[in-house]
Amino acid sequence: MADEYDVAVVGGGVAGIAAATQLASAGLRTVILDKRPYLGGRASSWVDSRTGRVFDVCQHVTLGCCTEFEGLLSRLNLRDNLTYLDEVLLQDAGGKRAALRAWPLPVPFHLAPSLLRVPWLTFGDRTAAARLLSDVRRFADDPPLAARLDFETWARRSGATPGLMRGLLTPIVVSACNADLSAVSAAVGVSVLDRSLMQSRDGYRIGLFTRPVGEMLTEATRAAIEKAGGSLRSRTTVTGIERVRSRTYRIAIRPSGNMTASACVVAVPWDVQTRLLPLQALTPAMERATRLLTPGTIVATHHWFAGPLDCPEALGLVGRNVHWLFKKPAAFHNDDCGSYVTTVTSNAHYLGSLGASEILGIAEDDIRAALGCRALPPIIHARAFVERKATFIPAPGSETLRPSCATSWPDLAVAGEWTDTGWPSTMEGAARSGAAAAAVILHSGL
């Protein structure tokens, strides 16, 4: 029957895609249901009404340490749409730049020469960095100890100086965790440093996409699911899920009525899942997550300029309102555009409280100052987006709030970066959660 499936995956973010593609590859007839025109969830795209072209709502990146997400891209035949930067550029408010790159030294010392050459760090800051990084491995191996502290407290106890906190730890940890150092669990902050800087030679490298993320994920996922006999239904809103009996779920959808499935994966944000899941299926941990996980804000801006800008592909800004600049390649440009630059600001509660024109003005000032431009080329078009629930904040103790993917019923699972993945709220965490949810369904004997 057209509306009968082995598995229905509600939500087409990265977690839902990861779960659906694994279930489909296992031979299960799978359908993905998502309310947006493009998949990707919070890593999705939009059609700009002025230009008629597809753009990412926010610049999303991956890192070399994000192996599960890269594996998902490979399964979708999208790996060629991802390029890694061997050199990561940071710049302070005075215009000095530092380049993080791997040197021909054994791990974990491969980044040491780069870290020692960060020009705005004093000798004392660099000595403190060496001591702190030597503590990372010990704390990474003792998560319960680190979980009791916030990252700022842990870093100070490990000898971090104010200059080190401001000039290196803040750009790395705030970008990964979307929260101030004092609001991040030490366990999570330490794991970010360990995975990105110390575990492998490639962990620090930034991966950039050569196409809009939502567009490419939608096309590739549709092809993979339909090849396996399943279906992708975008612009479809799920209004309810009812378990009629074991291995039979009735899913109410708009605009086309109902469908049935033998199993379900609900891959939606933590504050939405209780609206869809039957109450009997919720575990105590899922209920706690809904009540107690706190969202964090990310602000993104987009600027299309009439003339050229001398801007790196990615530039991290230290001590400015905007945290990252990204110059998009020509494939993203409008025909009459000379340069297209996007900005990203994490932990952006204040910036997100402003109006669009104020946000764009602040971003344009930071672009001008960071690139040393007294005047920018004329702006053809600009947009600002505020994602108030971009991620959850990995606060101290939040690890105990994050549930597993299993519900009270073996044929129903949840997925999302807010579940217990051991990672912050990232695409890597989402991909790991989707894989775990698929494993729950497959283990049920479906």
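## Exercises on sheet, backbone and ring geometry

Proline 108 is located in the loop that runs between E8 and helix H3 (112-116). The exercises below use a predicted model.

**Exercise 1. Describe the peptide bonds that precede proline 108 and proline 255.**

Step 1. As background, most peptide bonds are trans.
Step 2. Valine 107 and proline 108 are joined by a cis peptide bond, with omega about 10°.
Step 3. From arginine 254 to proline 255 the peptide bond is cis, and omega is near 15°.
Step 4. Proline 255 is placed in the loop between strand E12 (248-254) and strand E13 (257-266).

**Exercise 2. Determine the strand order of the open sheet of seven strands, and state why E8 and E18 each have one side without a neighbour in the sheet.**

Step 1. The order reads E8-E7-E15-E16-E17-E14-E18, and the pairing is mixed.
Step 2. Strand E8 (97-100) and strand E18 (379-392) are at the edges; each has a single partner strand, so one side of each has no neighbour in the sheet.
Step 3. From one strand to the next, the twist averages 20°.
Step 4. Within the sheet, strand E16 (residues 324-327) and strand E17 (residues 339-345) run antiparallel and are joined by four bridges.
Step 5. Opposite lysine 327 stands valine 341 of E17.

**Exercise 3. Find which strands helix H13 touches where it packs on the sheet, and give its direction relative to E14.**

Step 1. Helix H13 covers residues 356-370.
Step 2. The strands it touches are E7 (88-91), E8, E14 (295-305), E15 (314-317), E16, E17 and E18.
Step 3. The direction of H13 makes about 65° with that of E14.

**Exercise 4. For arginine 235 and arginine 247, give phi, location and exposure class.**

Step 1. As background, most residues other than glycine have a negative phi.
Step 2. Arginine 235, which is not a glycine, has a positive phi of about 50°. Its place is the loop between strand E10 (231-233) and strand E11 (237-245).
Step 3. The relative accessibility of arginine 235 is 59%, so this residue counts as exposed; the cut-off for exposed is over 50%.
Step 4. Arginine 247 also has a positive phi, near 65°, and is found in the loop between E11 and E12.
Step 5. With a relative accessible area of 33%, arginine 247 is partly exposed.

**Exercise 5. Classify two of the ten aromatic pairs that a search of the whole structure finds.**

Step 1. A pair of aromatic rings is described by the distance of the centres and the angle of the planes.
Step 2. Tryptophan 46 and phenylalanine 55 are 5.7 Å apart centre to centre with 45° between the planes, a tilted pair. Both tryptophan 46 and phenylalanine 55 are buried.
Step 3. For tryptophan 324 and phenylalanine 326 the values are 6.0 Å centre to centre and 20° between the planes. Planes under 30 degrees apart count as stacked, and this pair is stacked.
Step 4. Tryptophan 324 is buried, as is phenylalanine 326.
Step 5. Trp46 and Phe55 also belong to a cluster that ring pairs link together with Trp304, Tyr340 and Phe385.

**Exercise 6. Locate the arginines that lie over the rings of tyrosine 5 and tryptophan 409.**

Step 1. Over the ring of tyrosine 5 sits the charged end of arginine 29, 4.2 Å from the ring centre.
Step 2. Arginine 243 lies over the face of tryptophan 409, and the distance from the ring centre is 4.5 Å.

Methods:
Residues are numbered from 1 along each chain as its sequence is written. This is a predicted model: local features need pLDDT of at least 70, side-chain atom pairs count only at pLDDT 80 or more; totals for chains, interfaces and linings use all residues. Side-chain values use heavy atoms; hydrogens and water are left out. Two strands pair if DSSP finds at least two bridges between them. Helices (H or I, at least four residues) and strands (E, at least two) are DSSP runs, numbered from the N terminus. Axes are lines fitted to C-alpha atoms, for helices over the stretch in contact, and angles run from 0 to 180 degrees between N-to-C directions. Contact means heavy atoms within 4.5 Å. Buried means under 20% relative accessible area, exposed over 50%, partly exposed in between (1.4 Å probe, protein chains only). Rings of Phe, Tyr and Trp (its six-membered ring) pair if their centres lie within 6.5 Å; planes under 30 degrees apart count as stacked, over 60 as edge-to-face and the rest as tilted. A charge sits over a ring if NZ of Lys or CZ of Arg is within 6 Å of the ring centre and within 35 degrees of the ring normal.
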